[in-house]
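Student: Please take one part of this model and look at it closely. Then work outward to whatever surrounds it. Keep it brisk.

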Amino acid sequence: MWLLFFLVACSAAVLSCALLCRAAVAAARATPGPAPRPAPETVPDAAAARRGPGLTLYEMAYLSGGPHRLADVVLVLMAQQRRLLLADTGWATVVDPVGKDPVERAALTAIGPDGQRRIPAIRDALVGDDAVRQVADRLVTDGLAVPAAVRPGVGGAVRLVQGAALLVLLSAAASYWVAPAGADAGLLLAWFSLPLILTLGTWAVARFELHPYSDWATTAGERQLPGVGRSPAAPATPASLVTLALRGPAALTDPALRAALHSSGA
């Protein structure tokens, strides 16, 4: 019986490590080199007012949490400016139907002519909007975002390796439990050390070479992100929005906004 557990553990270890290696190679091949970014004077005024250190607020949100995080940022931005009302029941209501940039206009379009819509539906609509895709495409071209072709990539593969390591430990425990009386328990557990060394070793190498793991930002993109709590370059951008972009709705200090996003499934 222990041999069956051992085969399961070895199969999981080898498969997960192979997938991690494949994901790392695919990400390295598919990520283009950085392209020159536009000079500050060529950036539209609406975007420049939201710039952080080298990145716009929207770009920081996308690199940290993808298009859904970007959607949360634009909704909270407009709510803080009293142009949207975000209710703690998860509904967004338009107060001022004029968008200041393409992403805001896309958010208003996603809400629709009735001026009110559930926040999850707005998020889903924004994910496929051209304005959000342009942000993503610009980051991919600059070598800062992971291309869609290799997403989910290294982060998901690392989680598989972690799961395989746990499965090896559980299989070893199960084998020890069902081992017949008089069996050499030390030798039995020594066999399970092989797949455990493989998974833990691969995980250690990935953490050293590939960390931080992200399904959205490349290593270059992670380096561009400011530290949490660091003020953006443009004083017009509240630090709370930068924190939201980097850490998500749980980091919001406004309980009403946090309740609105969490009640809607953020």
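Tutor: What follows starts with one helix and moves outward to its neighbours.

The model is predicted, so local features need pLDDT of at least 70 and side-chain atom pairs count only at pLDDT 80 or more, while totals for chains, interfaces and linings use all residues. Numbering starts from 1 along each chain as its sequence is written, and side-chain values use heavy atoms, with hydrogens and water left out.

The part is helix 4, residues 102-111. Helices here are DSSP runs of H or I with at least four residues, strands are E runs of at least two, and both are numbered from the N terminus. Helix 4 is mostly covered, with seven of its ten residues buried. Buried means under 20% relative accessible area, exposed means over 50%, and partly exposed lies in between (1.4 Å probe, protein chains only). The buried residues are V103, E104, A106, A107, L108, A110 and I111. They pack against helix 3, strand 1, strand 2, strand 3, helix 5 and helix 6.

Now the ends. D101 caps the N-terminal end of helix 4. A side-chain oxygen of D101 lies 3.0 Å from the backbone nitrogen of V103. After the helix comes G112, with a positive phi near 95°.

One buried residue of helix 4 is charged. E104 forms a salt bridge with R83, the closest N and O atoms being 2.9 Å apart. The pair links distant parts of the chain: E104 sits in helix 4, R83 in the loop between helix 3 and strand 1, 21 residues apart. A salt bridge here is a side-chain nitrogen of Lys or Arg within 4 Å of a carboxyl oxygen of Asp or Glu. Both partners count as buried: E104 has 0% relative accessibility, and R83 has 4%.

Next, the strands that helix 4 packs against. Strand 1 covers residues 84-86, and strand 2 covers residues 91-94. The two run antiparallel and are joined by three bridges; strands pair if DSSP finds at least two bridges between them. L84 has V94 as its bridge partner in strand 2. Strands 1 and 2 form a hairpin with four residues between them. In its turn, G90 has a positive phi of about 95°. L85 belongs to strand 1. Leaving aside neighbours within four places in sequence, L85 is in contact (heavy atoms within 4.5 Å) with W91, A92, T93 and V95. The C-alpha atoms of L85 and D96 are 9.7 Å apart, across eleven residues of sequence. Strand 2 also pairs with strand 3, residues 116-118. Those strands run antiparallel too, again through three bridges. There, A92 stands opposite R117 of strand 3.

Helix 5, residues 119-127, comes next. A121 lies in helix 5 and is partly exposed, at 24% relative accessible area. The C-alpha atoms of A121 and I111 are 8.2 Å apart, although ten residues separate them along the chain. Setting aside neighbours within four places in sequence, L126 is in contact with A71, V74, V103, A106, A107 and V132.

Many of these neighbours share a core. The largest nonpolar core has 47 residues, of which L63, L70, V74, V76, L86, L126 and L139 touch the most other members. Helix 3, strand 1, helix 4, helix 5, helix 6, helix 10 (239-247) and helix 11 (255-263) each supply at least two residues of it. Helix 3 gives the most, with 15 residues. Another core of seven residues lies apart, with V168, A172, L188 and F192 among them. A nonpolar core is a set of buried Ala, Val, Leu, Ile, Met, Phe, Trp, Tyr and Cys residues joined through side-chain atoms within 4.5 Å.

Last, two bridges that involve helix 6. The side chains of R138 and E59 meet in a salt bridge, at 3.0 Å from N to O. R138 lies in helix 6 (residues 130-141) and E59 in helix 3 (residues 57-80), so the pair ties together parts that are 79 residues apart in sequence. E59 is buried, at 1%, whereas R138 is partly exposed, at 33%. Within helix 6, D130 forms a salt bridge with R133, with the closest N and O atoms 2.2 Å apart. These residues are three apart in the helix, so about one helical turn separates them. D130 is partly exposed at 47%, and R133 is partly exposed at 38%. Across the whole structure, the search finds four salt bridges.

Key
A polar contact is a pair of N or O atoms within 3.5 Å; within protein, one must be able to donate a hydrogen and the other to accept it, and residues adjacent in sequence count only if both atoms are side-chain atoms.
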